[in-house]
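Work through the exercises below with the structure in view, and try each task before reading its solution.

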Amino acid sequence: MLLRGSGPPLVLIPGIQGRWEWMRPAVAALARSFTVATYSLVGEPGTGVRLRADTPFDRHVEQADEVLACTGWTDAVVCGVSYGGLVAVRYAAVRPGRVRALVLVSAPGPRWRPDPSAQRYLRSPWLSAPAFAAGAPMRLWPELRAAAGSTPRACVSAARHLANVALAPTSPSRMAARIRCLDGHDFGRDAASVRAPTLVVTGEPRLDQVVPVAGTLEYAEMIPGASFRRLARTGHLGLVTRPGEFAGLITDFVNAIRP
């Protein structure tokens with residue numbers, strides 16, 4: 001677990017790759033306004049937990065409890081990124097007294113299920129990994145270019161992100177196991193039971209080639225009183241490509257709801 005910054009407590013939950021290190025720019029930006037606690041998901045090196053095919057999704061809930069126990073916080077702003085958004089909405093549903101506010105960032109929709117491409121990945125994650133990695137530049141380059149404003153700046157941004165990825169490599173098999181954890185879970189029911197002030201954040205639909213924005217927006221409809229903000233010139237990586245603006249959205253939201 002990493003603890004950084006000062007201000008209201010905020011727990012930042014990473015995406016399906018499971019590594020908090022991929023979010024370093026966002027952690028640094030948020031730490032200017034919050035005390036940020038972030039961590040790698042269960043199964044990653046250093047967590048002391050092995051991720052198996054039969055691991056229940058609520059093991060993520062238990063892990064979030066452990067993070068709060070380590071910090072000594074009774075409650076916190078809970079911010080989930082992509083797959084971490086599913087963890088966050090579940091946590092807000094079953095631990096309402098511990099969630100001061102909820103932020104969902106480009107989270108898969110409550111009715112998301114693996115498409116045929118994802119099903120092939122689940123059957124052979126290591127064999128599918130080379131093709132998945134080879135397609136990443138084509139999926140992410142338009143977003144990097146739009147966020148940076150020029151090709152040279154986009155190249156620098158891409159190099160920095162790749163450095164964070166290289167220093168904290170993920171595992172295709174662990175990513176596949178996390179998808180299997182979702183089987184049979186009703187995130188729509190969880191969303192409908194959330195009572196914490198909620199902010200839903202997405203990038204632009206044309207730039208997010210990872211999670212359909214329309215699915216993320218369903219949370220803004222299902223969660224009572226939820227707000228929505230779109231981070232311009234970004235897709236799925238807005239917290240990395242425009243971290244200052246990303247942190248500003250969350251800071252403004254939390255400041256508006258604080259008594």
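**Exercise 1. Overall build**

What percentage of the 259 residues in the protein do buried residues make up? Then decide whether the radius of gyration agrees or disagrees with that of a compact globule.

*Solution.* Keep in mind from the start that this is a predicted model. Begin with burial, for which the cut-off is under 20% relative accessible area: buried residues make up 56% of the 259 residues. Next, take the radius of gyration, which is 17 Å in the protein, whereas a compact globule with 259 residues would have one near 18 Å, so the value agrees with the rule. The C-alpha atoms, taken along the principal axes, fill a box of roughly 45 × 45 × 35 Å. Finally, turn to the chain itself, which holds 11 helices and seven strands, and in which residues 24 or more positions apart account for 77% of the contacts with a separation of 6 or more.

**Exercise 2. Two serines with positive phi**

Find where Ser 82 and Ser 106 are placed, and decide for each one whether it is buried or exposed.

*Solution.* Start with Ser 82, which has a positive phi of about 55° although it is not a glycine. This residue sits in the loop that runs between strand E4 (76-81) and helix H3 (83-94), and its relative accessible area of 10% makes it buried. Go on to Ser 106, another residue other than glycine with a positive phi, here near 50°. Its loop lies between strand E5 (99-105) and helix H4 (116-123), and since its relative accessibility is 4%, Ser 106 counts as buried.

**Exercise 3. The nonpolar cores**

Describe the largest nonpolar core, name the element that gives the largest share of it, and follow the contacts of Tyr 83.

*Solution.* The largest nonpolar core has 34 residues, and those touching the most other members are Ile 13, Phe 57, Tyr 83, Val 89, Leu 102, Tyr 219 and Ile 223. At least two residues of this core come from each of strand E2 (9-13), helix H2 (59-71), E4, H3, E5 and helix H8 (187-193). H3 supplies the largest share, seven residues. For Tyr 83, set aside the neighbours within four places in sequence; the remaining contacts include Pro 14, Leu 41, Phe 57, His 60, Arg 178 and Cys 181. Apart from this core lies another one, of 30 residues, among them Val 27, Leu 30, Ile 250 and Val 254.

Terms used:
Residues are numbered from 1 along each chain as its sequence is written. This is a predicted model: local features need pLDDT of at least 70, side-chain atom pairs count only at pLDDT 80 or more; totals for chains, interfaces and linings use all residues. Side-chain values use heavy atoms; hydrogens and water are left out. Helices (H or I, at least four residues) and strands (E, at least two) are DSSP runs, numbered from the N terminus. The radius of gyration is taken over C-alpha atoms; the globule rule is 2.2 Å times the number of residues to the power 0.38. Buried means under 20% relative accessible area, exposed over 50%, partly exposed in between (1.4 Å probe, protein chains only). Contact means heavy atoms within 4.5 Å. A nonpolar core is a set of buried Ala, Val, Leu, Ile, Met, Phe, Trp, Tyr and Cys residues joined through side-chain atoms within 4.5 Å.
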